[in-house]
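Visitor: I'd like to go through this model with you, a piece at a time. Could we start once it is up on the screen?

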Amino acid sequence: MKVQSYDYITYAHNLYNLLIAPIRQDLPKSGNLVFILDSYFQNIPFDMLYDGNKYLTESYAISNASSLQQLQAQFQKQKQVKVLFAGISEAVTVSEKTLVTESFQPLPQVNQEVKNIKQSINYVSVLLNDEFTNHNFQKKFETDSFPIVHLSTHAQFSSDPDNTFLLTWKQLLKVQQLKSLLKNKQSPIDLLVLSACETAKGDRRSALGIAGIAAQAGARSTLATLWLVDDESTAQLIGEFYKNLKNGLTKAEALRQAQLSLISSNNYSHPYYWAGFILVGSSWL
């Protein structure tokens with residue numbers, strides 16, 4: 001997918017001068033930056049703020065928290081990386097009483113995404129297409145212990161909970177159902193990856209979209225997206241992210257290194273491909 005050229009650097013530089021430059025002298029040269037943002041700033045991709053020479057993510061591992069409580073969360077690192085992957089790669093039509101019948105386009109890169117994850121992670125349990133039903137996902141989620149749950153599918157956010165959902169096979173996993181699953185989980189999810197479009201995009205009535213709701217429900221950290229992401233670059237970034245996790249990097253640093261790999265590539269250096277991914281919650285461990 002080609003991205004139309006426009007002067008995004010000017011906007012990124014202006015935002016840097018407004019938000020970061022006034023406190024730059026008080027910041028270390030590198031490390032972790034965690035932002036607690038109000039509703040006016042939650043949809044800004046801080047990773048791509050530009051100081052005139054480089055992007056902010058080239059100096060810092062960046063994550064977001066919706067409250068001070070998330071900053072205070074403590075937990076032990078998992079000794080083994082285990083992933084529950086659930087996704088939809090084929091076209092799906094859903095009909096529900098409360099919604100107009102909707103057709104969802106295929107997501108062929110979901111297959112490449114799970115392939116990339118399997119190359120980095122030894123233990124990946126997969127629910128793909130017709131296996132990814134609400135029933136199967138709930139059963140797997142409740143009975144097996146997975147520190148990482150990865151959902152790669154269509155999603156929609158709205159201030160109305162009934163219109164906020166993730167797509168499963170010919171069904172919708174409403175956000176309230178996801179919230180209930182997370183709250184009732186005996187062992188909290190260490191990382192929830194929402195590899196779908198605009199899962200971190202919220203509005204003034206619901207901070208940080210589905211990602212914020214998941215964090216409030218008990219997911220220790222969530223990797224989500226601010227806008228409609230490109231399939232091919234997303235598969236590559238996700239693969240790099242998991243490889244970095246396996247090598248012992250923190251979640252924030254794993255994302256940063258994955259973003260840097262795209263920045264240095266020939267095809268995906270534009271911020272559109274990498275700046276839309278954000279971490280919400282306790283992302284520095």
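Visitor: Where does K170 lie?

Guide: Bearing in mind that this is a predicted model, K170 is found in the loop that runs between β9 and β10. Those two strands form a hairpin with 2 residues between them, and K170 in the turn has a positive phi of about 60°.

Visitor: What is usual for phi in residues other than glycine?

Guide: Most residues other than glycine have a negative phi. K170 has its positive value although it is not a glycine.

Visitor: And is K170 buried or exposed?

Guide: K170 is exposed, and its relative accessible area is 53%.

Visitor: Which other residue that is not a glycine has a positive phi, of about 55°?

Guide: That is N129, which is not a glycine either. N129 sits in the loop between β6 (123-128) and α4, and with a relative accessible area of 8% it is buried, whereas K170 is exposed.

Visitor: Back to the hairpin, then. What sheet does it belong to, and in what order do the strands come?

Guide: The order is β8-β9-β10, in an open sheet of 3 strands with antiparallel pairing. The edge strands, β8 (155-156) and β10 (171-174), each pair on one side only. Between β9 and β10 the antiparallel pairing runs over 4 bridges.

Visitor: Which residues face each other across β9 and β10?

Guide: Two pairs can be named here: L166 has L173 of β10 as its bridge partner, and F165 stands opposite K174 in β10.

Visitor: F165 is an aromatic. Which ring does it pair with?

Guide: F165 pairs with F104 in an edge-to-face arrangement, at 6.3 Å centre to centre and with 90° between the planes. F104 belongs to strand β5 (residues 102-104) and F165 to strand β9 (residues 165-168), so the pair ties together parts that are 61 residues apart in sequence. Both F104 and F165 are buried.

Visitor: How many aromatic pairs does the structure hold?

Guide: There are 10 aromatic pairs in the structure. One of the others joins F137 and F141, whose ring centres are 5.6 Å apart with the planes at 45°, so the pair is tilted.

Visitor: Where do F137 and F141 lie?

Guide: Both are in helix α4 (residues 134-143), 4 residues apart, which is about one turn of the helix. F137 is buried at a relative accessible area of 1%, and F141 is likewise buried, at 2%.

Visitor: Which residues form an aromatic cluster?

Guide: Y50, Y55 and W274 form one aromatic cluster.

Visitor: What about charges over rings: where does the charged end of K82 sit?

Guide: The charged end of K82 sits over the ring of Y123, 5.0 Å from its centre. K82 also lies over the face of F146, where the distance to the ring centre is 5.6 Å.

Visitor: Changing topic to the start of the chain: how far does helix α1 reach?

Guide: Helix α1 covers residues 8-19, which makes 12 residues, and it reaches 16 Å from its first C-alpha to its last, close to the 16 Å expected at 1.5 Å a residue.

Visitor: Which of its residues are buried, and why can they be said to line one face?

Guide: Y8, A12 and Y16 are the buried ones in α1. Looking down the axis of α1, the buried residues fall within an arc of 70°, so they line one face of the helix. On the other side of α1, Y11 and L18 are exposed.

Visitor: What covers the buried residues of α1?

Guide: The cover includes α9 (271-274).

Visitor: Last one, Y60. Is that residue buried or exposed?

Guide: Y60, which lies in strand β2 (residues 60-65), is buried, with a relative accessible area of 1%.

Visitor: What does Y60 touch?

Guide: Leaving aside residues up to four places away in sequence, Y60 touches R24, L27, P28, K29, S30, G31, L33 and R256. As for D47, which is 13 residues from Y60 along the chain, the C-alpha atoms of Y60 and D47 are separated by 8.4 Å.

Notes: Residues numbered from 1 in each chain as written. Predicted model: local features only at pLDDT ≥ 70, side-chain atom pairs only at ≥ 80, totals over all residues. Heavy atoms only, no water. Expected span 1.5 Å × (residues − 1). Buried < 20%, exposed > 50% of the residue type's maximum accessible area, 1.4 Å probe, protein only. Arc of directions from axis to C-beta. Contact = heavy atoms within 4.5 Å. Phe/Tyr/Trp six-rings, centres within 6.5 Å; stacked < 30°, edge-to-face > 60°. Lys NZ or Arg CZ within 6 Å of the ring centre and 35° of its normal. Pairing = 2+ DSSP bridges.
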